[in-house]
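Student: I should like to go through some of the terms applied to this structure and the reasoning behind each one.

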Amino acid sequence: MDKKLPLSSLVVIGTMLFALFFGAGNLIFPAQLGQEAGTNFWPSVIGFLITGVGLPFLGILAIGFSGSANLQELASRIHPVYAILFTSMLYLTIGPFFAAPRTGAVAFDIGIVPFLNGADPLIPRFIFTAIFFGITIWLSLNPQKIADRVGKFLSPAIIVLMLALLAVALFSPMGSFQAPSSSYLSGAFGKGFTEGYNTMDALASLVFGIIVISIVRSMGVQSKKGIVAATFKTGIVAAGFLGILYVGIAYLGASSVESLGMLDSGGAVLTSVATNYFGQAGLVLLGVVILLACLTTSIGLMTACGEYFHTLIPALSYKVIVSTFTVFCFIVSNIGLNNIITYSVPVLLFLYPLAITLMLLTFVSPLFGHARIVYVAVTVVAMLISIVDGLAALADTLPGGKLGKLIEPLTAFYSKFLPLYDSGLGWLLPTVVVIVVFGVIARVTGMGSQQSLTAEKE
């Protein structure tokens, strides 16, 4: 029989989950969105909240609902080889390739650069990121204590510090919302939706969900029903804090344009707003928030990556994997924040539709008997569209324009025939149609009853 978890335990786990999510992108992207959205604030923010809050919440629930031990097991409903490739790519994206190095880069750019007074940041960045990722290694090598260290101490500090800044801005706004930028004049909802991809939280939720479930099980909850209930409650705590802070940070950006003008990054928005309200003390406050937020996310990502790749390649110890990945993060973080963001976009446009459709399939899977053909068909359709989106974004970053010309016929075809394609949601309707069509086929032919999937195991 499951042990009943007290409210205090659920809140601790929920705030830990919030802190794991609330990292670099959660600070800089909503601030920039607010500035650019202007009077189209709410459509943009709602789109951002769907991908930045709603999808991570669904991802946490999907892991608990599926009954799968990990993401690879869940993705194996499509194919075992695909499961390894997809899971590895996802872990590398939110780990050493993009998200984890970004935590160090953002912490330095916002928390340290304002105090350099125009000095060359090369050496200070090297020293800061060495210390930052050194702390990451130290805390990641003892993952059993992550709930206590993150949930009880660092998470409340982040929440309190951010709410203090947002409260002052709410009661004393810097100005009124201005006209939106060109990219938010039309299709503001779709633009906000795809901007939420940059947080990478929906991808991370498929990883962090395993951490939450492991903690819940260690506290005496073993049944699938109990695990789903606990993940739902802790997810609500994390989603609530994320939603409040996202709206607040976006509001900071939108209300700052009249006084500050349009700034070139979310980081610049945050430092300028903090200075406006609190002077040098504001910069110190913001620096502390940034450091705590980025450090907790970095620890969570390295812990998750180390555990997964040690399971995948047992010959490599957890310690070796975490140390190697963290050193790699240190190197990548020194190439600059803008480069990290630029080259992450094509990968995110490719991965996000695959991750979202896997979440959706997890919830509707009982309706078609977990038939593999439905999983395969939906994934193939999503991939045919998302790979073109990813290549189109990559073409924008490469000189010469050859790749753009090569895929131009495909993008033109998709733009003409796929609803919402120009808003970045061209994959949505086709995948829903395929779920319905192949789901009916599976039910009629009895394919689902022939499948022996882990989702059916308790």
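Student: Which residue just after α11 takes a positive phi?

Tutor: In this predicted model, glycine 261 does, with a phi of about 80° just after α11.

Student: What makes serine 256 count as buried?

Tutor: Buried means under 20% relative accessible area. Serine 256 has 0% relative accessibility and therefore counts as buried. Serine 256 is part of helix α11, residues 224-260. Apart from neighbours within four places in sequence, its contacts are Gln35, Met174, Gly261, Val269 and Val273.

Student: How do you know that the reach of α11 is close to the expected one?

Tutor: Helix α11 has 37 residues, for which 54 Å is expected at 1.5 Å a residue. From its first C-alpha to its last, α11 reaches 51 Å, which is close to that value.

Student: Why are α5 and α15 called oblique to each other?

Tutor: Helix α5 (residues 80-97) and helix α15 (residues 337-364) pack at an angle of about 125°, and their axes are 11 Å apart. Angles of 65 to 115 degrees count as roughly perpendicular and those over 145 as roughly antiparallel. An angle of about 125° falls in neither class, so α5 and α15 are oblique to each other. The crossing of α5 past α15 is left-handed.

Student: Which residues of α5 and α15 make the contact?

Tutor: From α5 come Tyr82, Phe86, Met89, Leu90 and Thr93. From α15 come Val347, Leu348, Phe350, Leu351, Leu354, Ala355 and Leu358.

Student: How many residues of each class does the contact of α5 with α15 have?

Tutor: There are 11 nonpolar residues and one polar residue, with no charged residues.

Technical notes: Residues are numbered from 1 along each chain as its sequence is written. This is a predicted model: local features need pLDDT of at least 70, side-chain atom pairs count only at pLDDT 80 or more; totals for chains, interfaces and linings use all residues. Side-chain values use heavy atoms; hydrogens and water are left out. Axes are lines fitted to C-alpha atoms, for helices over the stretch in contact, and angles run from 0 to 180 degrees between N-to-C directions. Helices (H or I, at least four residues) and strands (E, at least two) are DSSP runs, numbered from the N terminus. Angles under 35 degrees count as roughly parallel, over 145 as roughly antiparallel, 65 to 115 as roughly perpendicular and the rest as oblique. A crossing is left-handed if the near helix is turned anticlockwise from the far one by less than a right angle, and right-handed if clockwise. Contact means heavy atoms within 4.5 Å. Ala, Val, Leu, Ile, Met, Phe, Trp, Tyr, Cys and Pro count as nonpolar, Asp, Glu, Lys and Arg as charged, and the others, Gly among them, as polar. Buried means under 20% relative accessible area, exposed over 50%, partly exposed in between (1.4 Å probe, protein chains only). The expected span of a helix is 1.5 Å times one less than its number of residues.
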